Structure formats: C-alpha cells, structure tokens
Protein chains: 2
Amino acid sequence: PQQADGKPAVHPACASLPAHQCHHALVNKTENDRLARFESSIKRRFDEIVPVLKEVAALGASRDFTEQANRLAEQHLGHPFPEGVLERSWIHGVDVPTLYSSSIFSALAAGVEQFSQRIHQEVADAQSLDALLVDCGFHAINVSACADGRLKGLFTYILRLPASDLLRYSTFAGTLFDVEDDILDWQAAELRRFREGYPSTSDSGTRYLKVAVYHRSSLDPMHQGCAAHQSNEKLAMEAALERLQQFRHGIENAFCCGASTDILLIGLDTDTDAIRIHVPDSHGDLSLFRSVDNAELYKKTLGMNADQARLAIYEAIANVSDVGGWGQGDGKPHDGMRRLIANLLINNLSQIEYVIENFGGWYPDRGHGERFMSIGDGFQELQVRNLSYYAHLDTVEEGAADLDVGVKIFRHLNVEQGLPIPMAINYRYDANVPGHRERIIIKLQRVAAAIQARYSDLLSEGMLYLHGSVQNQKLGSPLEEVPLT
Amino acid sequence: PQQADGKPAVHPACASLPAHQCHHALVNKTENDRLARFESSIKRRFDEIVPVLKEVAALGASRDFTEQANRLAEQHLGHPFPEGVLERSWIHGVDVPTLYSSSIFSALAAGVEQFSQRIHQEVADAQSLDALLVDCGFHAINVSACADGRLKGLFTYILRLPASDLLRYSTFAGTLFDVEDDILDWQAAELRRFREGYPSTSDSGTRYLKVAVYHRSSLDPMHQGCAAHQSNEKLAMEAALERLQQFRHGIENAFCCGASTDILLIGLDTDTDAIRIHVPDSHGDLSLFRSVDNAELYKKTLGMNADQARLAIYEAIANVSDVGGWGQGDGKPHDGMRRLIANLLINNLSQIEYVIENFGGWYPDRGHGERFMSIGDGFQELQVRNLSYYAHLDTVEEGAADLDVGVKIFRHLNVEQGLPIPMAINYRYDANVPGHRERIIIKLQRVAAAIQARYSDLLSEGMLYLHGSVQNQKLGSPLEEVPLT
Ligand SMILES: [Zn+2]
Ligand SMILES: [Zn+2]
Ligand SMILES: [Zn+2]
Ligand SMILES: [Zn+2]
C-alpha cells in the first residue's frame, strides 16, 4: 500500500513485504490459523448480507418470491428472514432496511454463540493467564481503550489475552475512561482479595494494574488516528496518561495505609496491529518518550531462534529504562512488570505476523468499517477488529458524546448508502442478585428510549434499528433478547 | 386539628392535647430548644422573602428605590439584592422572579453555613454515635428514605443522629432505593474494615445495616401519605421491604464466605414525627406486622421516671418478638440490634415532644410546603422538615421520575402563585482525587443542561431558576457556587 504522501509504504516489522512474508520464531502459527478462521467466518456472516439482499431485491414479484428469498438467506446467511416481512413485499416492495437490520442482529447472535463455545477453551487458558498475572505480581488488570472499532479485537487478537475474571475492559471515545468507576472496581478487587483470598491473599503484595490503550495509524497518521483527538497522536497519548495518573494518585490520596496501583500505557498502530508499550520506572511513573516498539522488536529479532528472541526482548525492555532526555526515568520497573510487558510483546508478535499473513502486512480497511454499533456493556465474547463501534454507557446523558461519534461514523458508512444503522444494546446482569435482571431490563429500555429520542430524525426516516439483549455476567452466557418497551 | 373525616384528632402520644402539653422523662429538653431555634431561624430566612418582595414591589418608582429596597433586604433577609437587578426595575418594573430566586439561594447558602458551624459540634457527638454503633455490632448504617420534603429532617430531628462518616443517606421517591449502588457502598465499607480496621476490624463480627424509611399521615392517611404509592401505606411498606430483601439476598448470593447484612424497616407519621420500627427476628427477617409504635410507647411510659421508661421500652421491644399471627417471627434479634432500636425510639421520644411543644402535636403543614428543590447529592448539612424536596440523581435520564414528582409539587406550590421554581443542584467531590472537582463540575453542568431541556417550557416562561454548587465531601465544607455552563 501507499502512505498518505503517495510513497510506497515500508512495513515497520517485515521490510521484505510485499515480496516475501516474514516468519518469526516466537509466533504461534496454530493459534493464528484458528483466529483467522474465526475472523473470516464471523465477518462473512455480516458481509454476505448486502449481496444476498441485492439478489433478493432482484428476484422480482414472482409467485414463489418468499421461498426463493428464504432459500438464499438459509444458504448464505444460515437462517431464514423473519416471518411476515417478505410476505408484505408485494405491497410496497421488499423492505430492505428491516431485512438488513434483522440479518445483522442474527449474525451478531450467531457470532456470540460461536465465540461462547470458544470461551470454554479460553476459560482453561485463563487459568494459566491468572497464574501468570499473580506470578508477575498483579491480582487484577483493568484495560481501557478507545471506542474505535479498529481496537475491537484488543484482547483476543492484539494482546492475545483470554477472557478472565481478573480482566476488566471498557472503552470510551479517545480512551477518556471513567476514573471514579475504576476506583470502585479497584475497591471490589481489593475486597475480593481480603474476603476470599482470590486470586492472591491481601498480604501477598500483589497489585492492581490499570492499562490505557491509545491508537495511531502509521500509514496515514494525520487522518486515520484517533478521531476524538483529531488524529493528533500526542494529544491521544497525553489524555490517556493524564487519566492514568489521576486514577493512581486518586487511590493513593483517598485511601490510607499505602494504597497503590500500577499503571501501563500502550499505543496501537491500527494498520499493522503492532503495539508500543511505555515502560514504567522504579516508582511506577510513565513517560510518553520511554517505550518499546514491537514492530521494531519483530524486525530486530527476526531470524533469531525462540530463545535468542525472547532474551533480546527482555534486554530491550531493560535497556529502555536507561534512555536519557525527555524519556528519562528513575530506574527499572519491578521484575513482575517487566515479565508482563515481555509476555504482552511476545503475544503481539503473533498478531503482527497474523496481519502479515492474512492481509499482506496492513489491513485493507484503514479507517472505519464497523458492521454495527454496540451499546452498553458490549459483547465481551465477540472481539473482532472493525466488527462494531462500541460505546460503554449507563445513560445516554453521560454517553452522548460517544454515541454521537458512532452515529456520525455510521451516517457515513450506512445512511449515505441508504442502509439503516443497526444498534445492539446489551447489558449484563448478576443472576445471584434478586431482581437484578428485571432492573437491568428496565435500564435497557430506558436507554433505548433515550436513544430513540436523541436520534428521532433517523428513527422516523427508518434509518435506525435497535436490538435489545441481556446476558448473565458469567462469561459465555447466552444472549437473551428482550423487548425494547 | 381535625382528622380527614372532620372529627377532632386525638394525639396518639399525648392524649391531653390541646389542653395540656405532655412532658416525658426521657426527652432532651436542651436539645429540643436548640433545634427549635435552628428550625425557626433557618425557615425565617426563607419565609420572609415573599413579604419583603411584596414591600419592595409596593415601593414604587421613587428616586431612592434601590436603596430602600436593599435596606429592606438587609434588614429582613440579611443581605442586599444582587447588583443590577434593582437598577433595571424602572424599565419593566421589579423583576420579582429573579429577586425571589436569588433570595432563596442566598437563604440556602446562609443556612448551610449556619448548619456547618453546628457540624463541628456534631462531629464530636458522632464519635459517641460511632462508639454506640460498634457497640451494638454495626460498622455502617445506610439509610434510604422517600424524597418527600416532610422527611428532610430525618437524621437531625426525627432520629437525632449526628452527621457521621458511618452514616450514609439517600432518598428516592417512594423509598425505591438503588440496590446496586448500595451493594457498592457495602463493598466500600467492608474494604475499609479490612484495610483500615475502621470502625471495627474485619474479624470483629460487626455488620452493615441497611435501613429503609417509609411514611404515612395519621391525620389524613388517604391523601397525605406517600404520593409515589398513591398514599397507600401497605404499598409503601411492601415496596421498601422488598428492596431491603433484594439488597440482603443480593449480598448473600453474590459474595461468598458468609457475607451477610442486617436490615431494618422504619415507618414515619409525618404529622407527629412519631416513628414505628419493625423488629427483625433471630434470622434478621422482618414482617410488616411486627413493629413497635413509638407514639404508643410515649403514651405508655409518660409519667414514669427515666429508668422505668427506659426499661419499659426494652421490654416492649422484647415482647413484640412474641406476637403470633401474620407478624410471627422466629425469636428475638441479636442484643445489639435491640439496643440500637431502643436508642432510636428514645431519641424519637424527644422529637415527638418537640412537635408537641412547638406545633401543638401536629405540624400545621400536613402536606407539601418545600421551599426549594434540591438536586444531586443534596445539602447534607441542612436537614429541616419541608425545607426542600430532595431528588438524589446522577443523571436526569435515571432520575426523571423523581424530578417530575418534585416539579409537579412546585407547579402547585409556586408556579400557580406566579413564583418560579428554585432548583439548587449540589454535588460533592473528593478533594483527594486529582481532577475530581473538575469532573464533578462537568457533571453538574451536564445535569443542569438536561434539566433545562426537560423543563424548557418552564424555563422559557421564567418559571425555573437553577443554582449550581459543589462541596468537598468532608462534612461542613463550604458551598462553592459554580457556573451552570
Ligand atoms: Zn480513538
Ligand atoms: Zn459504567
Ligand atoms: Zn413518599
Ligand atoms: Zn448515585
């Protein structure tokens, strides 16, 4: 591909592209193949919808229209169209927006089911993740990223972290996460340690780790960076770092007895999925100018055997602590932090090669290409790049800015093409708390009504379709569709 | 006064009224006098506003109008009118709505300051309250009541509980409190015990107590009960009890290792301020039909000396556990719970007599008579009956029902009289958390904008005035006025 200035791009990790693909010794080839099958089968469900609808629209008002249309749907989408819609086609023509939206929601439900099966495998992996975390000195990891759909594969693909009770994930436009919410989560994690000794006892000295992920585009940094920060990478980094520091100092100041946490800042190149990790110093402090670039590491360690490469990565992490100038810090982070960073970098090497293998090094969709908008607690089981624009919100009043960004993206992606915006609202409940499911459904309906009021123009034009579902908070629980009113 | 059926009312605690006032041995006369001075001085600030404005309006367009008006204001309200408003009076006449609202907000600020001075005394009292609580086996009390203004004096007057870090207070129309919010509060209180050993260590076996307060009117039960439950006392009791049980079972089910809490249900007669306490059984379970009525206790123990009366109260609490029929439970609550109930009943005896002394036994304002609407975290330092209608809310989207109830009340109280609705939004921040004050101000401005949008008709008619303030969460901190945009 070309860079924004028209020159042919040089891949930052694998310079021999496009002629020759690279193969790094530390890459998990089997997992890459498995993930590629997942991504393509999930996306195929979504991406076949428009071609099938075009065929259906072209069928004309034949006698067996309904049967033919449903046959096409069954064959390509795996399910018939909802009853009644096709039958009314002879009056005003095929109701494409309704068929489109219902097909998107069916693809979503099928995708969640497919991933939920995967979850059982992940839960097994998670046990080794939990062990690694505690071993590295952490009893919880709370990751906040940007709501941008290009970050939607963060855990499953980019960082290769299995779903786990110790991992918490939320997204906000521009990574402007909710400090107060996270202080509550910190309290819950601490209490679990004290009451249950899980995953480590309170006297074990493990820490809570808060991670913020910002993003940039190496191919087109001025246009395809973080929209919430006008594609200004420095602003995106600074904003994420400022929230991290507010969180850390908030806990230190508001709680007595030496309450402290670790923080970590990660940058993502959304074109190559290569990450950059900012390495804390011995006090846990971060700098925008002290980081390890994983694309460089991939390139540098290419051709080494696994042991050599692993050693080189540990050395790179250790060496970055010695940088001077603006990036200067005071010493190295603790041993467990260095080990965790090494693990994340090694995991991400597989993802860099995944993009090389499957997309020639750079994703073809540089910018937005989300299939639907995800609102609420999100579909935690379904993590694939550019599948959805995800806005975590409890009320439209608080989340309006994030929603507006998403709607703006979808006006461009869908409405300008004549297709409606599919919005899937999903909230999780705790089946152990009496009445919680009922209260969550009321909350979902309140949020749906507020969305309908905010975008009443789109709604009345038939350009907005909502779908409501709840899920028990246990990972892998089935989606339960609920009425919106 | 008369009952709703026109018959003369018989006071449930002091039958000799109106001829003779009663004097109970356990009543704290000094404190009653102090509280009476507080109530009348606070309310006078508010209630002189309309008469002063009438005088100002009658002054006419004399040459020294501004000076005369400000002299009246200084003399009766303690402060001049805001600059510029009077000066423009010669154009369209006196802007009474603006003078009215600004005077209400000044009275509010002065009242908060007056009470904040009192807080320092209370903080000393709170230490003995904290000791009593821990002694009774509790490490935190979380009280939820109805938003109705007649309950606004709950802690300071009705239950005589000083402000304390161990007390948490929230109000919702119909006492429909937020179970999930309270589960978070439970976690915070537990964590404090584990981390700081405050106010009791984690192995001390103390408990978290959740209290719900419903209300009724003995004079006019069908019209002046809880509006959110159509003045149906049974519905009000049941709703509060259901939430209590959801809270209790939620914690038992969602947390392992024998997590448990105590619950308590209290009914208030808003005409006499006499309470009724539902006494738990040995399992902590409550019944709508097993309670101790404090008006009856007052009457029964009138004429006894302090020791006899105290003993009779303990006996009444013990005896109610033996009731059969619908109120039957399994045994007595634990000793500390009985002691806490006795303390609350004894405290409330003073309040019953306070209403007898100062208002002849029954409040003259049976129904609504709130002076302003309080939105957000409320003015915790300013607890006086019918001073404000208080809606605890973080977003208008979630709190719309409570807001609408308040606005309906004030349409009747103020707008029908041609006066605007004064709404004071107040949120507390934690000065220890960096950036929290700034985020809270943004939140306040968001809520203000949502209120203005919801009641745009009132706003454009000049019938809605908003006031914004924030306060550090430390009790007794000054109000800091903040701009609404
Ligand atoms: Zn972004
Ligand atoms: Zn949230
Ligand atoms: Zn009520
Ligand atoms: Zn709240």
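In this predicted model, 13 residue pairs are in polar contact between chain B and chain A, both residues of each pair having a pLDDT of 80 or more. On the side of chain B that touches chain A, helix H7 (179-196), helix H8 (233-254), helix H12 (396-413) and helix H13 (436-454) of chain B each supply at least two residues, and H7(B) gives the most, with 12 residues. Sorted by class, this side of chain B is made up of 17 nonpolar, 10 polar and 9 charged residues.

The contact as a whole draws 36 residues from chain B and 36 residues from chain A. The size of an interface is often given as the accessible area lost when the parts come together. For chain B and chain A, about 3,100 Å² is buried between the two, with 59% of this area on carbon and sulfur atoms. Within chain B, the residues that lose the most area to chain A are B:Leu191, B:Arg195 and B:Glu397, which together account for 24% of what that side buries.

Side chains of opposite charge can pair when their charged atoms come close. Between chain B and chain A, 4 salt bridges are counted. In one of these, the side chains of B:Glu397 and A:Arg446 meet with a distance of 3.4 Å from N to O, and the pair crosses between chains, from helix H12 of chain B to helix H13 (residues 436-454) of chain A. The two partners fall into separate accessibility classes: B:Glu397 has a relative accessible area of 15% and is therefore buried, the limit being under 20%, while A:Arg446, with a relative accessible area of 21%, is partly exposed.

Over all chains, the count comes to 58 salt bridges. In chain A, the side chains of A:Arg248 and A:Asp285 form a salt bridge with an N to O distance of 3.1 Å. Because A:Arg248 lies in helix H8 (residues 233-254) of chain A and A:Asp285 in the loop between strand S5 (275-278) and strand S6 (291-293) of chain A, the pair ties together parts that are 37 residues apart in sequence. In this pair, A:Arg248 is buried, with a relative accessible area of 7%, whereas A:Asp285 is partly exposed, with a relative accessible area of 34%. Chain A also holds a network of salt bridges that links A:Asp135, A:Asp335, A:Arg338 and A:Arg339.

In chain B, a salt bridge is formed by B:Arg168 and B:Asp185, whose closest N and O atoms are 3.5 Å apart. This pair links distant parts of the chain, since B:Arg168 belongs to strand S2 of chain B and B:Asp185 to helix H7 of chain B, 17 residues apart. Here the acidic partner, B:Asp185, is buried, with a relative accessible area of 18%, and B:Arg168 is partly exposed, with a relative accessible area of 30%.

Helix H1 of chain A, covering residues 29-47, allows a check of helix length, because at 1.5 Å a residue its 19 residues should span 27 Å, and the end C-alpha atoms, 26 Å apart, agree with this expectation. At the N-terminal end of H1(A), A:Asn28 acts as a cap, with a side-chain oxygen 3.4 Å from the backbone nitrogen of A:Thr30. The buried residues of H1(A) include A:Leu35, A:Ala36, A:Phe38, A:Ile42 and A:Phe46, and also A:Glu31, A:Glu39 and A:Lys43.

Several features of the backbone concern loops. Most residues other than glycine have a negative phi, and most peptide bonds are trans. In chain A, however, the peptide bond from A:Tyr198 to A:Pro199 is cis, with omega near -5°, and A:Pro199 lies in the loop between helix H7 (179-196) and strand S3 (207-216) of chain A. In chain B, a cis peptide bond joins B:Tyr198 and B:Pro199, with omega about -5°, and B:Pro199 is placed in the loop between H7 and strand S3 (207-216) of that chain.

Positive phi values are found at A:Asn386, where phi is near 60°, and at B:Arg160, where phi is near 55°. A:Asn386 sits in the loop between strand S7 (372-376) and strand S8 (388-391) of chain A, and its relative accessibility of 0% means that A:Asn386 counts as buried. B:Arg160 is located in the loop between helix H6 (154-158) and strand S2 (167-171) of chain B, and, with a relative accessible area of 13%, B:Arg160 is likewise buried.

Notes
Residues numbered from 1 in each chain as written. Chains lettered and ligands numbered in written order. Predicted model: local features only at pLDDT ≥ 70, side-chain atom pairs only at ≥ 80, totals over all residues. Heavy atoms only, no water. Contact = heavy atoms within 4.5 Å. Buried area = accessible area lost by both parts, 1.4 Å probe. Polar contact = N/O pair within 3.5 Å; in protein donor to acceptor, adjacent residues only side chain to side chain. Helix = DSSP H or I, 4+ residues; strand = E, 2+ residues; numbered from the N terminus. Nonpolar A, V, L, I, M, F, W, Y, C, P; charged D, E, K, R; others polar. Expected span 1.5 Å × (residues − 1). Buried < 20%, exposed > 50% of the residue type's maximum accessible area, 1.4 Å probe, protein only.
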